[in-house]
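Student: Could you take me through one part of this protein slowly? I would love a close look at its aromatic side chains and what surrounds them.

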Amino acid sequence: MDYLTALVHLLYYIFYPIVFVLTWAGAILFGLGAPLVHLGSFTLHGCIWPVRFLARFEVRSSQSTILVLDVDSMTQTLYVFLGVALLLGVATGTTLHYTSSFLTALMNLDGQPQEPPRGRTMASYRAGTSEKLQRKVIDRPSLGFAASPPLVDTISTEDFTKLLEQHRQSGRKSLWSTTILEEDETSDDGL
């Protein structure tokens, strides 16, 4: 008997840490899994509910041994079938209507015009840009000459020659000193 008691105590102390750890791990896992079990149970009951609801309308024959074709029971069965089909159709249609209207409003697909964008439009931007370009052509900087008129496309050859000479006399090097004057076909100056 002493050997048997010693063997039981030895096995108890060998397996006690394993059982202890498994017990606590199981308690923690069951505690964390309880919401999932409850959700699964709720989902299962929700899926079974339509079947249980339709089972209430089951028509049972009064004679279980002999199958009798009774016009009244067939009419009652047809009414039950059509009534359940009507209820399911109305419920499905209502659900689809509200779901699609919610998603349409959520994604802003209801086709209502949005408020116009604030700020500049493309036409006003283009008009402003062309106006700025015209101002730049008319109001060009004088490029460092004190008394030079603003440069425009209609500058005469004499004025351009005067500007070029003034710049050469100032001694600064730039692209003005390398400018080559070309003769216009309409000019009578002889250049």
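Tutor: Happy to help; we will begin with the whole protein, move to the aromatic rings, and then visit a patch and a loop.

Please keep in mind that this is a predicted model. Its average pLDDT is 75, and 65% of the residues score at least 70. Among the elements, helix α1 has the highest mean pLDDT, 88, while α3 has the lowest, 74. As a general caution, predicted coordinates should not be read in detail where pLDDT is low.

Now for the overall plan. You can count 4 helices and 0 strands, so to speak a pattern of α-α-α-α when you read along the sequence. Of the 191 residues in the protein, 6% are buried. The accessible surface comes to about 17600 Å², and carbon and sulfur atoms account for 66% of that area. If you take the contacts with a separation of 6 or more, 27% of them join residues 24 or more positions apart.

Let us turn to your aromatic side chains. Searching the whole structure gives 4 aromatic pairs. One pair to look at is Y12 with Y16: their ring centres are 5.5 Å apart and their planes meet at 35 degrees, so this pair is called tilted. The reasoning rests on two cut-offs: planes under 30 degrees apart would be stacked, and planes over 60 would be edge-to-face. Where do Y12 and Y16 sit along the chain? Both belong to helix α1, which covers residues 2-55, and because they are 4 residues apart there, about one helical turn separates them. Y12 has a relative accessible area of 47%, which makes it partly exposed. Y16 is also partly exposed, at 41%. Step back from the pair and you will find Y12 and Y16 in one aromatic cluster together with Y13, F20 and W24.

Next comes the nonpolar surface patch, which has an area of about 950 Å². Its members are L4, L7, V8, L10, L11, I14, F15, I18, V19 and L22. Pick out L11 as an example: this residue lies in helix α1, and its relative accessibility of 38% counts as partly exposed.

Finally, here is a backbone detail away from the rings. N108 is found in the loop between α2 (71-106) and α3 (122-138). Although N108 is not a glycine, its phi is positive, at about 60 degrees. N108 is partly exposed too, with a relative accessible area of 47%.

To retrace the route on your screen, start at the tilted pair of Y12 and Y16, widen your view to the aromatic cluster, then find the nonpolar patch and finish at N108 in its loop.

Terms used
Residues are numbered from 1 along each chain as its sequence is written. This is a predicted model: local features need pLDDT of at least 70, side-chain atom pairs count only at pLDDT 80 or more; totals for chains, interfaces and linings use all residues. Side-chain values use heavy atoms; hydrogens and water are left out. Rings of Phe, Tyr and Trp (its six-membered ring) pair if their centres lie within 6.5 Å; planes under 30 degrees apart count as stacked, over 60 as edge-to-face and the rest as tilted. Helices (H or I, at least four residues) and strands (E, at least two) are DSSP runs, numbered from the N terminus. Buried means under 20% relative accessible area, exposed over 50%, partly exposed in between (1.4 Å probe, protein chains only). Patches are made of residues with over 30% relative accessible area and no salt bridge: like charges are joined within 9 Å, nonpolar side chains (Val, Leu, Ile, Met, Phe, Trp, Tyr) within 5 Å. Accessible areas come from the Shrake-Rupley method with a 1.4 Å probe; for residues, only the protein chains shown count as cover. A salt bridge is a side-chain nitrogen of Lys or Arg within 4 Å of a carboxyl oxygen of Asp or Glu. Contact means heavy atoms within 4.5 Å. pLDDT is the predictor's confidence in each residue, from 0 to 100.
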